[in-house]
Amino acid sequence: MSDYDVDLFVIGGGSGGVRAARIAAQQGARVMLAEEYRVGGTCVIRGCVPKKLLVYASRFRGEFEDAAGFGWTVPRWSFDWPTLIANKDKEIGRLEAAYTATLQKAGVIIVKTRAVVADAHTVQLANGKRVRTAYILVATGGAPSYGDPIPGVGHAISSNEAFHLPRLPHHVVIQCGGYIAVEFAGIFAGLGSHVTLVYRGENILRGFDDDVRKHVRVDMEKHGIKVITGCKVAAIEQAGPRFAVLFSSDDQHTADCVMFATGRNPNIAKIGLQEAGVEIAKNGGIAVDEYSRSSVPSIYAIGDVTNRVNLTPVAIREGHAFSDTVFGGKPTTVDHINVPTAVFSDPEVGAVGLTEGQARARLAQTDIYRAMFKPLKATLSGRDTTVLLKLVVDGQTDRVVGCHIAGEGAAEMIQIATIAVKMGATKADFDATMALHPTIAEELVTMRTKSASYAREAAE
Ligand SMILES: Cc1cc2nc3c(=O)[nH]c(=O)nc-3n(C[C@H](O)[C@H](O)[C@H](O)COP(=O)(O)OP(=O)(O)OC[C@H]3O[C@@H](n4cnc5c(N)ncnc54)[C@H](O)[C@@H]3O)c2cc1C
């Protein structure tokens, strides 16, 4: 590989790129990484981490409200958005510095610039410099999309800008019903904004289990979030310091902020892929094989730019597997089945495996176990909320093929439940597990009666 300036050039310093670069360097490769914005990428800078910090902030409202039932007198509380944003930015800065230091310690050369593929073994930097490399790893992630163009779309922000608003908006309209839209609806509502969520489909959180979707919507509405489905934003007009938002239903709303969370597109444009002969898959991402190798043998791609499963741990795993394969002498693939996922909404969602709908379409027999109840904490707090736990079981093998939870602690519970689902645990294994009382999670091992789904009960 000595004919080259480096052994590996990584384009993009996000979750996947950082992991791949560090591991390859530790395996002895000469590695250069280009990042055009901030090291850490979407997850650290304007995704998972800052979002979760905002979610934590938003949940204090519920804690303050719930405290009275437990005997606490809480003095009149107030919230200051600039303090939250400044503290969040400080933490993000600390993380970015830590990521940078870790890479440098491993021997990775970081170039803070945009980089594009010039040919199968050459990367072109924005300053005109060209770097010859044995392998190129494209880890450029994705970027927010604004959907179909509508009049005034330029007034809308994406999640990127939501992290840097100068003040908390009084009224926010959020377009779309995916996890980012639903999470920001909970964040803004918890912090004190009036929130209207508008989504053209029939219900929010498409792709999640129908019971969960219904459950989350009902609870969000109980908590004051207005959810309008079968409708979309048709136009946005500046109206003084605010915006007039016209819906496809002809209703008009006035908002201080309009946020579009209408999906994300893989960052494949204008980075020299077509010219180098890199094929694009039907899903809009770079087409790769199970080792993340593109149609050009020296070019690999990982993470959101391949549009497989767009989550941080997946990008990290793919980055690690790439380095093990190419530089570690250990060809490694990534299993994309039974990846757990969470929505940090209010109520929170955790899910793994097949939804009831998917199971019924694929399996000869599907059994459903479902528990819905008022959590113990809500008895004294008086909060109007319920928790939903649901197991989807293959009726022929008894294997638990799906687990879906909506309510407090859902994400933490689903991480652990995923181990059992991944190991192929049966319903009998769940039943043989001793309950831990009093918890919400104990319902996972105490559900004995098969249940019809919400949707079916409602129809009957
Ligand atoms: C609001 C939000 C919340 C999210 N929440 C979660 C969550 O809770 N849990 C979860 O698992 N996932 C979450 N995600 C998804 C997660 O952030 C991504 O799946 C993950 O960051 C993908 O990692 P990546 O390495 O593929 O790309 P990224 O992290 O996006 O990194 C790509 C990097 O490449 C850089 N880049 C792009 N083009 C170039 C170029 N030509 N030259 C140089 N640099 C370039 C970009 O600046 C970026 O830093 C969230 C995403 C968003 C937007």
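With which side chain does the side chain of Asp211 make a polar contact? The tour of this predicted model opens with that residue.

**Stop 1: Asp211**

Select Asp211, which is placed in helix 7 (residues 210-222). Display Lys390 as well: the side chains of Asp211 and Lys390 make a polar contact at 2.7 Å. Asp211 counts as buried, because its relative accessibility is 1% and the cut-off for burial is under 20%.

**Stop 2: the ligand**

Select the ligand next, together with the shell of 37 residues that surround it. The closest of these are Gly16, Glu35, Thr42, Lys51 and Asp304.

Three polar approaches can be inspected in turn:

- At Glu35, a polar side-chain atom lies 2.6 Å from an oxygen atom of the ligand.
- At Thr42, an N or O atom of the side chain is 2.5 Å from an oxygen atom of the ligand.
- At Ala115, the backbone takes part: one of its N or O atoms lies 2.9 Å from a nitrogen atom of the ligand.

Taken alone, the ligand exposes 1,000 Å², and the protein buries 94% of that area. Colour the chain by element to see where the shell comes from. Two or more residues each are given by helix 1 (15-26), helix 2 (41-46), helix 3 (48-67), helix 6 and helix 9 (312-326). Helix 2 gives the largest share, with 4 residues. Coloured by residue class, the shell divides into 14 nonpolar, 15 polar and 8 charged residues.

**Stop 3: helix 6**

From the shell, proceed to helix 6, one of the elements that give two or more residues to the surroundings of the ligand. Select residues 179-191 to show the helix in full. How far apart are its end C-alpha atoms? The distance is 18 Å, which agrees with the 18 Å that 13 residues should span at 1.5 Å a residue.

Now show accessibility along helix 6. Of its 13 residues, 11 are buried, so the helix is largely enclosed by the rest of the structure. The buried residues are Ala181, Val182, Glu183, Phe184, Ala185, Gly186, Ile187, Phe188, Ala189, Gly190 and Leu191. Directly after the helix comes Gly192, where phi is positive, near 125°.

**Stop 4: Ser294 and Ser292**

Move to the loop between helix 8 and strand 16, and select Ser294. Is this residue buried or exposed? Ser294 counts as buried, since its relative accessibility is 9%.

The side chain of Ser294 has two backbone partners to display. A polar atom of that side chain lies 3.1 Å from the backbone nitrogen of Val296, and the side chain also reaches the backbone oxygen of Ile299 at 2.7 Å. Leaving aside neighbours within four places in sequence, the residues in contact with Ser294 are Val278, Ile286, Ala287, Val288, Ile299 and Tyr300.

Ser292 lies in the loop between helix 8 (273-276) and strand 16 (299-301). Ser292 also counts as buried, because its relative accessibility is 4%. Its backbone merits inspection: phi is positive, about 70°, although the residue is not a glycine.

**Stop 5: further backbone geometry**

As background, most residues other than glycine have a negative phi, and most peptide bonds are trans. With that in mind, select Asn338 in the loop between helix 9 and strand 17. Asn338 is not a glycine, yet has a positive phi of about 60°.

Two peptide bonds follow. The bond from Asp346 to Pro347 is cis, with omega near 10°; Pro347 lies in the loop between strand 17 (341-343) and strand 18 (349-353). The bond from His437 to Pro438 is likewise cis, with omega near -5°. Pro438 is found in the loop between helix 13 (427-432) and helix 14 (454-459).

**Stop 6: Asn265**

End at Asn265 in strand 15 (residues 264-266). Asn265 is partly exposed, because its relative accessible area is 44%, a value between the limits of 20% and 50%. Residues up to four places away in sequence being set aside, Asn265 touches Gly142, Ala143 and Ser145. For a final distance, pick the C-alpha atoms of Asn265 and Thr379: the two residues are 114 apart along the chain, and these atoms are separated by 44 Å.

Methods: Residues are numbered from 1 along each chain as its sequence is written. This is a predicted model: local features need pLDDT of at least 70, side-chain atom pairs count only at pLDDT 80 or more; totals for chains, interfaces and linings use all residues. Side-chain values use heavy atoms; hydrogens and water are left out. The expected span of a helix is 1.5 Å times one less than its number of residues. Buried means under 20% relative accessible area, exposed over 50%, partly exposed in between (1.4 Å probe, protein chains only). A residue is near a molecule or strand if one of its heavy atoms lies within 4 Å of it. A polar contact is a pair of N or O atoms within 3.5 Å; within protein, one must be able to donate a hydrogen and the other to accept it, and residues adjacent in sequence count only if both atoms are side-chain atoms. Accessible areas come from the Shrake-Rupley method with a 1.4 Å probe; for residues, only the protein chains shown count as cover. Ala, Val, Leu, Ile, Met, Phe, Trp, Tyr, Cys and Pro count as nonpolar, Asp, Glu, Lys and Arg as charged, and the others, Gly among them, as polar. Contact means heavy atoms within 4.5 Å.
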